[in-house]
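Visitor: I'd like a close look at one part of this model, please: the largest pocket. Could you walk me through what surrounds the space, and then follow the chain outward from there?

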Amino acid sequence: MSESSFTLLRDIGTLPLENNEEVRFSIDAYRGYRYVSVRRYLLTDSFSGATRDGVTMTPEILRALDPLIEALPNDIKAVKDGTIGKFAKRPGICIVASVGTFKGRRGLDLRQWQEDVGFTKKGIWLPLEKLPEIKKLFAATREALDEKPEDDF
């Protein structure tokens, strides 16, 4: 295994979407550091695997973001559009969580923002109608992060 590749440490869960797609929450390791990965996967006869849609977050970002996601009203009509939070990932790079509308549907957007270019293509949009499942996946990820790792990576 290459030192520069991600290693799956723990599969947290899946958010089923339409059109043979799903979003997987997992905890991965990369060059000795743990990351939370939220990535879209395709499941078709011709291709099954990860897409480019997704974002990685440090455990600290997930721990700060989880209570903000949990605090969103369960009635999605009561959820207000706008930025939920902005979290430093590395110098000059942040993860921005926001609620907004895309192609006529409301959703939770987790997007990477880079100081010199603004928003990048790295990110993922999660449909707001799946908010209860999204909350459960974030909570399960935080709980898994709080457990002592079984092995060194």
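Guide: Happy to, and please keep in mind that this is a predicted model. Strand 8 is a good place to begin, as this strand gives the most to the lining of the largest pocket, with five residues. Strand 8 covers 118-127, and together with strand 7 (105-114) it belongs to the strands that each supply at least two residues of that lining. The space in the pocket comes to about 430 Å³. Around it stand 19 lining residues, and those nearest the centre are Glu 21, Arg 40, Phe 102, Arg 105 and Trp 125. By type, the lining holds eleven charged residues, six nonpolar ones and two polar ones.

Let's stay with Arg 40, one of the residues nearest the pocket centre. Arg 40 belongs to strand 3. Is this arginine buried or exposed? Its relative accessibility is 11%, and because the cut-off for buried is under 20%, Arg 40 counts as buried. Its surroundings come from several parts of the sequence. Setting aside residues up to four places away, Arg 40 touches Leu 17, Glu 21, Glu 22 and Val 23, then Gly 49, Ala 50, Thr 51 and Asp 53, and finally Ile 124 and Trp 125. Two of these partners, Glu 21 and Trp 125, are also listed among the residues nearest the centre of the pocket. As for distances, the C-alpha of Arg 40 is 7.5 Å from that of Arg 52, a residue twelve places away along the chain.

Beside this region is a loop that you can pick out from its neighbours. Asn 20 sits in the loop between strand 1 (7-16) and strand 2 (21-30). Beyond four places in sequence, Asn 20 is in contact with Tyr 41, Leu 42, Leu 43 and Thr 44. Thr 44 is 24 residues from Asn 20 in sequence, yet their C-alpha atoms are 6.3 Å apart.

Returning to the pocket strands, Leu 108 falls within strand 7, which runs 105-114, and leads us to the nonpolar core. The largest nonpolar core has 32 residues, and Leu 108 is among those touching the most other members, along with Met 57, Leu 110, Leu 126 and Phe 138. Helix 2 gives the most to this core, with six residues. What does Leu 108 contact beyond its neighbours within four places in sequence? The partners are Ile 69, Ile 84, Ser 98, Val 99, Ile 124, Trp 125, Leu 126, Leu 128, Ile 134 and Phe 138. Trp 125 is therefore a contact of Arg 40, a contact of Leu 108, and one of the residues nearest the pocket centre, with a cut-off of 4.5 Å between heavy atoms for each contact.

Ile 134 and Phe 138 bring us to helix 2, where both are buried. Other buried residues of this helix are Leu 131, Lys 135, Leu 137, Ala 139, Thr 141, Ala 144 and Leu 145. Helix 2 spans residues 131-146, and its 16 residues reach 23 Å from first C-alpha to last, close to the expected 22 Å.

Two loop residues deserve a backbone check. Most residues other than glycine have a negative phi. Lys 103, in the loop between strand 6 (93-102) and strand 7, has a positive phi of about 50 degrees. Lys 103 counts as exposed, because its relative accessibility is 74%. Arg 31, in the loop between strand 2 and strand 3 (33-43), likewise has a positive phi, near 50 degrees.

For contrast with the buried arginine, here are two strand residues with other accessibilities. Ala 88, in strand 5 (residues 82-90), counts as exposed because its relative accessibility is 61%. Its contacts beyond four places in sequence are Ile 61, Ile 93 and Cys 94. Asp 11, in strand 1, is partly exposed, with a relative accessible area of 49%. Beyond four places in sequence, Asp 11 is in contact with Phe 25 and Ser 26. Between the C-alpha atoms of Asp 11 and Leu 108 there are 21 Å, with 97 residues separating them along the chain.

Key:
Residues are numbered from 1 along each chain as its sequence is written. This is a predicted model: local features need pLDDT of at least 70, side-chain atom pairs count only at pLDDT 80 or more; totals for chains, interfaces and linings use all residues. Side-chain values use heavy atoms; hydrogens and water are left out. Helices (H or I, at least four residues) and strands (E, at least two) are DSSP runs, numbered from the N terminus. The expected span of a helix is 1.5 Å times one less than its number of residues. Buried means under 20% relative accessible area, exposed over 50%, partly exposed in between (1.4 Å probe, protein chains only). On a 1 Å grid over the protein atoms alone, a cavity is a set of points where a 1.4 Å probe fits but cannot get out, and a pocket is an open set with protein on both sides within 12 Å along at least five of seven lines; lining residues have an atom within 4 Å of a point. Grid points are joined across faces, edges and corners, and a volume is the space filled by probe spheres set on the points. Ala, Val, Leu, Ile, Met, Phe, Trp, Tyr, Cys and Pro count as nonpolar, Asp, Glu, Lys and Arg as charged, and the others, Gly among them, as polar. A nonpolar core is a set of buried Ala, Val, Leu, Ile, Met, Phe, Trp, Tyr and Cys residues joined through side-chain atoms within 4.5 Å.
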